[in-house]
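Subject: Structure handover

Hi,

Here is the structure I promised to pass on. Have a look at it first, then read my notes below.

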Amino acid sequence: MTKAPTAVPLDLQRAARDHLWLHFTRMGGFRDADVPIIVRGDGCYLEDSNGKRYLDALAGLFAVQIGYSFGDEMGEAAAAQMRELPFYTNWSYAHPRAIELAHEVASLTPGDLNRVFFVSGGSEAVESAWKLARQYYAARGEQRLNVALMPTGGGTHSRDPVVPTGGAPTRVDEAYAAQSARRWKAIAHRLAYHGTTMGALSINGIPALRTPFEPLVPDVIHVRNTNRYHRPVEETEEQFTAFLLDELETAIEQAGPETVAMVIFEPVQNAGGSFTPPAGYWRGVREICDRYEILLCADEVITGFGRLGAWFGSELYDIRPDLITCAKGLSSAYAAIGAVVASDRVMEPFMEARSMYTHGITFGGHPVQAAIALKNIEIMKRERIVEHVAETQDEFRATLAQLLELPIVGDLRGTGFFYALELVKDKDTRETFTEDECETLLRQFLSPRLFERGLICRADDRGDPVVQISPPLIAGQAEFDEITGVLGDGLSEAWERMAG
């Protein structure tokens, strides 16, 4: 009797170079170099296939809220769900985990954000929000048209047309009812990142990501973001807020308010380096959206689920959005799941007997993913993760602020566990580095040097050059000190090289 051949272990390095296509990666750089292969994690730390440990100061792309040590609990939740119901869709059906998760998310979101539409990730959430905003106005317009055509009707809202009892509808009634039935434009911030599917990419305000895929989905207008660092020094915060709001309103008027479906901003903008809003900004944005009857969407794919020291940034800044997009922290990246959360007002026209949001995702609200997300929220509450961020964020900022003493560090901005350092050639003039200098500074030196020193963060120049720092939400003073120490050494060496 012959023996079965012994399986030959897969050469992971060779297989990675031959078959794996990494995201947002210059694959040519691995022709003669090893691909970093991460094999395990615990707490805030990761370990590669060579046994080297790294402090993950980016939380796996701003996503791993609870760290890497809850695999057993998450695995048990997933296995239990697999045994009960491994899969069913949310297309005309429901299952217990999706219902429970929708209820849990609605209990955490502020205001009347009560209706949860599940998707598989952040890009899909943004895509779904834009589609929902577009269809909302059509559904609302159909509602108003039906009211206008009723011979005995009056308006159901203060602005609805009133038709005299027993009278026939007039052309004015019909025109009014139809005027908001077709809106499609979105307004976003310059440099903002909102995802990579074609709709989400169109909302992106990063030219380098958009250009290779043009023409994109029409129409998106981009307005100035909330970066104050390169504004006039004498400008007050109130003046900056007024300047930004004036530009937003002007953009809406130039686009035609009757064509704008959605304004979508992040509570704190990621790309460009953790741009926080000036005082009064969100209140003004909300007022403008109300004035022109435009839906306001807070993109909380990054900022949701504790990253800013509150369950949602919308709560922290009193945004009162009509829509929230979320993903990442919903499961602490233990599962691929996201959601759009809609207000009661947005949901209302879709409750008509024949009305439907004509959109769906096969795996949206997948029972196993939903079970993992439920377990994640349970862990976050039990371990007081959000409270921990709120209680330690000042110490985190104070520790990072030591880096402002370095000549290459011009600005530290952010909040919660979500920060960026802007790098400059001259602190007095705030002069930035050229494109070629960024290539040398960020890609050829700083990124590999920090990784070599066991620190994972992001050196980025989508906009001005920054280092983004956003560790798991369980990080404490020991991790704050380690991040600052490694960054301090790396940035000091980078300055010596660039100055030389």
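Below are my notes on salt bridges, one helix and one pocket.

Some housekeeping first. This is a predicted model, so local features need pLDDT of at least 70 and side-chain atom pairs count only at pLDDT 80 or more, while totals for chains, interfaces and linings use all residues. Residues are numbered from 1 along each chain as its sequence is written, and side-chain values use heavy atoms, with hydrogens and water left out.

Salt bridges

The structure holds 32 salt bridges (a side-chain nitrogen of Lys or Arg within 4 Å of a carboxyl oxygen of Asp or Glu). One of them pairs R384 with E391, with 2.8 Å between the closest N and O atoms. R384 is partly exposed at 40% relative accessible area, and E391 is partly exposed at 47% (buried is under 20%, exposed over 50%, partly exposed in between, with a 1.4 Å probe and protein chains only).

R443 is worth a look too. It bridges to E439, the closest N and O atoms being 3.5 Å apart. Both sit in helix α15 (residues 435-452), 4 residues apart, about one turn of the helix. (Helices are DSSP runs of H or I, at least four residues, and strands are runs of E, at least two, numbered from the N terminus.) R443 also meets D461 in a salt bridge, 2.7 Å from N to O. That pair links distant parts of the chain, 18 residues apart: D461 is in the loop between β14 (458-460) and β15 (466-469), and R443 is in helix α15. Through shared partners, salt bridges join R26, E439, R443 and D461 into one network.

Helix α10

Which residues of helix α10 (residues 281-291) are buried? They are Y281, W282, G284, V285, R286, I288 and C289. Right after α10 comes E293, with a positive phi near 55°.

The second largest pocket

This pocket has a volume of about 920 Å³ (the space filled by probe spheres set on the grid points, which are joined across faces, edges and corners). A pocket here is an open set of points on a 1 Å grid over the protein atoms alone, where a 1.4 Å probe fits, with protein on both sides within 12 Å along at least five of seven lines; lining residues have an atom within 4 Å of a point. There are 27 lining residues, and N90, V116, F117, Y357 and H359 lie nearest the centre. β4 gives the most to the lining, with 5 residues.

Cheers
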